[in-house]
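I opened this entry to record what I looked up in the model, taking the cores, one helix and one histidine in turn.

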Amino acid sequence: MHRPLDAHTPGDPDVPGCGCPVTADPDGDGVAAAGRRAFLQRAGALGVGTGAAGLLATPALATPAHAAGAGRTDRGDDDPYGRATTGRGPSGTWRPDPDSPRFTVVVMPDTQYLFDQDRIHPAPVEASFRWVLDPEGRAGGNDENIVFLAHLGDVTNNGLPEEYAAATEVFGLLDRAGASYGVLAGNHDVGDDDQRGATPYLDTFSVARARKRPSHHSSSPDGYNTAHIFTAGGRRWLLLALDWRLSEAGFAWANAVIADNPTLPVIVTTHEIVGSHDDGTAGLSEYGQRMWDRLIKGNDQIFLTLNGHYWPPGSTVMKNDAGHDVHLHITNYQDRYYGGAGMVRSYRFDLDRGRIDVATFSPWIRELAAAGQLNELAARELELTSAVDRFSMEIDFTERFAGFAPVAPRKARPARRMLLPGTLAYWRFDEGTAGSDVTAGTVFRDRTGNGNDLELRTVPGTPAHALVRTGDHHPDQPAHASLVFAGQGGPVSGSYLRTVDKAPLNHETFERGHTFEVFFKVPADWDGGRNGWSAMLSRAGTAAAAGKNGPGATPEEPVLTLGLSSSLELQWNAYPLNQNGATTAWSHLLQKEEWWHVAVVNDGRLSKLYVNGCEEGRNPTSRAVGLTSLGLPFLLGGYQWADAVSQVFHGTIGDVRVTGRALSPRQFMNA
């Protein structure tokens with residue numbers, strides 16, 4: 001069952017307080033109050049002579065929207081969405097990083113008990129806004145890059161002018177800093193639907209005021225709905241701040257704004273959509289069902305909705321008409337100590353990890369804790385860590401947004417673009433038909449023209465289809481084609497490639513450095529016992545034949561191997577000219593059915609292994625000069641033990657490049 005505990009009209013009695021003595025005086029002369037005043041003075045929020053005031057002085061009301069024209073949008077005939085035509089407001093100190101893949105959207109639910117007639121307590125909300133606006137105060141945390149603040153309605157308890165007189169000044173902190181934020185009306189702010197006309201709420205949060213925010217895109221003609229666009233993670237996002245009750249005109253406006261921005265992911269904020277169940281899950285309210293039917297389920301761009309109104313918090317996931325997940329969250333803390341204590345919820349997006357991490361806490365209570373002014377009840381509210389208040393959502397953003405904002409696949413690049421100065425060999429497999437077998441007599445040309453061509457070799461008794469062409473490839477691979485090796489060891493079978501006998505590469509000792517690069521993937525049936533200790537690239541000739549018998553030397557192994565261990569780690573094992581034993585580098589554990597790019601780089605002194613352009617931590621620090629050669633071939637997909645093939649690679653290999661010097665990651669083939 002939903003619990004609409006605050007679903008009553010403006011003017012209903014409030015919940016009695018707990019009567020607990022407060023050990024902090026946030027509006028007096030204590031440490032927390034002094035810190036607040038210092039911030040306000042720095043931000044220019046306090047005028048001369050007001051620094052000693054605990055509560056903000058009662059401000060004049062905003063210019064009435066209906067009198068100044070702020071309740072409607074001035075628009076031209078070609079602008080059906082009421083988009084503002086005025087310039088943006090000052091940037092102030094609001095400077096989030098628009099390109100970082102990690103950013104935070106902050107949500108503030110019902111603050112009604114903090115703005116309730118003669119019970120006006122703005123200090124908790126002020127503290128939350130200070131935290132949002134103070135990057136130095138957040139340094140080292142997970143919310144350093146806040147890009148938007150969304151208030152979920154019920155700003156006040158009774159919708160009275162004197163309540164907005166206090167609220168408007170607190171929100172002025174955001175205005176003066178040039179912050180991007182959205183605010184909307186709840187049932188305690190207004191009645192009826194968004195065609196209600198002028199109200200104290202709209203007098204305060206007018207279209208004229210909304211236009212000054214850097215994120216403002218448009219407002220509905222009635223003024224009660226706003227659309228915001230902000231840039232984060234290198235892309236633009238649309239957030240709709242919608243009224244307590246949408247009219248037919250309101251639904252038409254919201255749908256039109258989304259249609260006008262067909263490639264933007266959309267977050268919907270409003271006062272009521274879902275209510276919570278006893279187990280922390282949530283379900284649509286009667287009005288929420290109308291929102292779902294009229295707006296959400298048919299717009300695939302909407303992936304997240306946020307509302308207050310009910311308590312306790314909860315969430316659910318529903319499938320839209322496109323079959324994709326929509327996350328619906330309710331967050332509201334007005335039932336908790338001090339009317340929720342200005343509690344905020346942070347939605348920490350991490351596009352690299354494909355996650356949104358959610359946390360809930362009170363910046364005001366954090367300030368009290370820092371000042372040593374916590375009482376017993378406040379201490380319990382410092383941070384909420386239950387499963388409904390602190391959790392993570394896993395979202396593959398690329399896949400989720402592919403239906404309306406697909407990422408264009410990287411185009412194939414011609415071979416000539418891969419021939420950097422010093423390139424000794426470059427092999428790619430984009431000649432021939434995908435799905436066809438590589439047959440006897442096939443030769444893959446070295447695209448450098450240096451003559452390091454590859455020829456086919458097959459272990460006797462190998463079944464058919466041991467080496468097959470495919471169009472599968474790493475998304476950043478220059479050639480959009482690869483080879484599927486169906487090899488194994490114990491017993492050994494399969495087909496592999498090797499450089500021809502006259503290849504100059506067979507004699508190369510790389511004394512000035514080198515870079516070996518390979519794209520590869522292993523399938524789901526890759527098995528460590530059957531396929532482990534195999535190689536994507538190796539060099540014939542044993543350590544014993546090369547006279548390497550020092551510490552770490554294994555007589556029977558090849559003088560060079562770039563392969564996989566039985567636990568799916570990359571291993572570089574090679575015998576430098578200046579060492580009597582092997583030097584090794586290792587990767588972390590890799591995953592099956594995922595494309596990888598590996599590069600081994602030596603600058604003439606040290607060797608380093610890179611995976612997907614990132615340096616691994618298990619690289620050797622011993623000096624390694626050159627690579628031992630016995631004048632024998634390189635093997636692609638083959639591995640020898642005691643001069644006999646003992647393993648053939650099981651997986652897919654794409655482009656391979658060998659360069660006679662050290663390359664930087666920005667020069668790798670996947671860059």
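Which residues in the largest nonpolar core touch the most other members? In this predicted model, I found that they are Leu497, Phe516, Phe520, Met536, Leu564, Leu570 and Trp572, out of the 41 residues that make up that core. I then listed the contacts of Leu570, leaving aside residues up to four places away in sequence, and noted Phe520, Met536, Gly563, Leu564, Ala585, Trp586, Ser587, His588, Leu590, Val598, Leu609 and Val611. Apart from this core lies another, of 35 residues, which includes Leu114, Leu173, Tyr224 and Phe361.

Next I turned to helix 8, whose 13 residues run from 248 to 260 and reach 18 Å from the first C-alpha to the last, close to the 18 Å expected at 1.5 Å a residue. I looked up its buried residues and found Gly250, Phe251, Trp253, Ala254, Val257 and Ile258. These cover an arc of only 160 degrees around the axis, so they lie on the same side of helix 8. Among the elements that cover them I noted strand 6 (216-219), strand 8 (235-241) and helix 9 (286-296).

Last, I checked His650, which is placed in strand 36 (residues 650-659). Is His650 buried or exposed? His650 counts as buried because its relative accessibility is 14%, under the 20% cut-off. Its C-alpha is separated by 9.0 Å from that of Asp527, although the two residues are 123 residues apart along the chain. The side chain of His650 makes a polar contact with the side chain of Asp525, at 2.9 Å, and the residues that His650 touches also include Phe485, Val522 and Trp526.

Conventions. Residues are numbered from 1 along each chain as its sequence is written. This is a predicted model: local features need pLDDT of at least 70, side-chain atom pairs count only at pLDDT 80 or more; totals for chains, interfaces and linings use all residues. Side-chain values use heavy atoms; hydrogens and water are left out. A nonpolar core is a set of buried Ala, Val, Leu, Ile, Met, Phe, Trp, Tyr and Cys residues joined through side-chain atoms within 4.5 Å. Buried means under 20% relative accessible area, exposed over 50%, partly exposed in between (1.4 Å probe, protein chains only). Contact means heavy atoms within 4.5 Å. Helices (H or I, at least four residues) and strands (E, at least two) are DSSP runs, numbered from the N terminus. The expected span of a helix is 1.5 Å times one less than its number of residues. The arc is that of the directions from the helix axis to the C-beta atoms. A polar contact is a pair of N or O atoms within 3.5 Å; within protein, one must be able to donate a hydrogen and the other to accept it, and residues adjacent in sequence count only if both atoms are side-chain atoms.
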